[in-house]
Amino acid sequence: MRHAVYGLPPMDLAEIPGDAVQVSPLIPGAARLEDLSENSLDTATVLAPPGTVERRYVLAQVLRALGPGGRMIALAPKDRGGSRLAKELTTFGCAAADQPRRHHRICRTDRPPEPAGIAEAIDEGSPRHVDNLALCTQPGIFSWDRLDPGTALLLANLPALKGRGADLGCGLGILARAVLASDAVTAMTLVEIDRRAVEMARRNVADPRATILWADIRTPGLVPGKLDFVVMNPPFHEGGAEDQALGRAFVARAAEVLRPGGTLWLVANAHLPYEATLQAAFRSVAVTVQANGYRVYEARR
């Protein structure tokens, strides 16, 4: 493994060798960045994440894996961390100058003989237990250090469920853990595209009835059919931009795997136009509660 790529950099901004190994946790099947051994890479290309702690963690892990004199190309949209990339690389001892192009900042740097601050950045971005959540989590995961208000609203209004079900986009496993508190639930499939969240959910939902998958819910055939219930707080951003088609894909998958009479419990931002999508796929749709900018829907097949 001599070249690694993190994420999906725009093709016109960074040339990626055909044999590059993908190490992004958001691409199911990718290698784990953390598992790369020291001095195992000649070069790496990083589409840097927007969050400061997560971004520094990724840069530090890549510098750790690069061999002496190894080269990194790091880039990000200027309003999503790109404007800080060069300075952050400098704190690791890298000589980095950024080049603006197409609303991005692109940094090229060689690994210094003795990078500074690597261990500290890795420690800051590593998994940990957060007491106020009573969960294992990691910076970079959606709502990693707080209870998302939409999830909180759904939890407060979710009835006791029974039978076989699924949590689509399970995140840290907060919804699934609450659902599995009922002995009437016999099996539950959790699906999540973020490998870090999957690893944390496996710690947080230590229940033999739960099957946890690292996968993109848009991939067909992942979830068993004829389910009694589905719960979800679907994402509506991808690559930093709002994408309502993503939520609609979650709704379509829920309708596909539920049995006739099965129920979907969904929470979403009130401004998202999901009602028409729900009404087209489900026999009955009701808003059970609306508060704090969110709606909880109960939709029955």
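Mentor: A cavity is a set of grid points where a 1.4 Å probe fits but cannot get out. The model before us is predicted, and by this rule it holds 1 cavity of 30 Å³ or more.

Trainee: What is the volume of the largest cavity?

Mentor: The volume of the largest cavity is about 70 Å³.

Trainee: Which residues line the largest cavity?

Mentor: A lining residue has an atom within 4 Å of a point. The lining of the largest cavity consists of Y6, V23, P25, L33, E34, E54, Y57, V58, Q138, R195 and R196. Two elements, α1 (52–65) and α6 (195–204), give two or more residues each to this lining. The largest share, 3 residues, comes from α1.

Trainee: What makes up the lining of the largest cavity in terms of nonpolar, polar and charged residues?

Mentor: The lining divides into 6 nonpolar, 1 polar and 4 charged residues.

Trainee: How many disulfides does a search of the whole structure find?

Mentor: The search finds 0 disulfides. A disulfide is a covalent bond between the sulfur atoms of two cysteines.

Trainee: Why does C107 form no bond with C94?

Mentor: The cut-off for a disulfide is 2.5 Å. The closest cysteine sulfur to that of C107 is in C94, at 9.7 Å, and this is too far for a bond.

Trainee: Why does C170 form no bond with C136?

Mentor: The sulfur of C170 lies 14 Å from its closest cysteine sulfur, in C136, which is also too far for a bond.

Trainee: Why is C107 called buried?

Mentor: Buried means under 20% relative accessible area. C107 has 0%, so C107 is buried. C170, with 6%, is therefore buried as well.

Conventions. Residues are numbered from 1 along each chain as its sequence is written. This is a predicted model: local features need pLDDT of at least 70, side-chain atom pairs count only at pLDDT 80 or more; totals for chains, interfaces and linings use all residues. Side-chain values use heavy atoms; hydrogens and water are left out. On a 1 Å grid over the protein atoms alone, a cavity is a set of points where a 1.4 Å probe fits but cannot get out, and a pocket is an open set with protein on both sides within 12 Å along at least five of seven lines; lining residues have an atom within 4 Å of a point. Grid points are joined across faces, edges and corners, and a volume is the space filled by probe spheres set on the points. Helices (H or I, at least four residues) and strands (E, at least two) are DSSP runs, numbered from the N terminus. Ala, Val, Leu, Ile, Met, Phe, Trp, Tyr, Cys and Pro count as nonpolar, Asp, Glu, Lys and Arg as charged, and the others, Gly among them, as polar. Buried means under 20% relative accessible area, exposed over 50%, partly exposed in between (1.4 Å probe, protein chains only).
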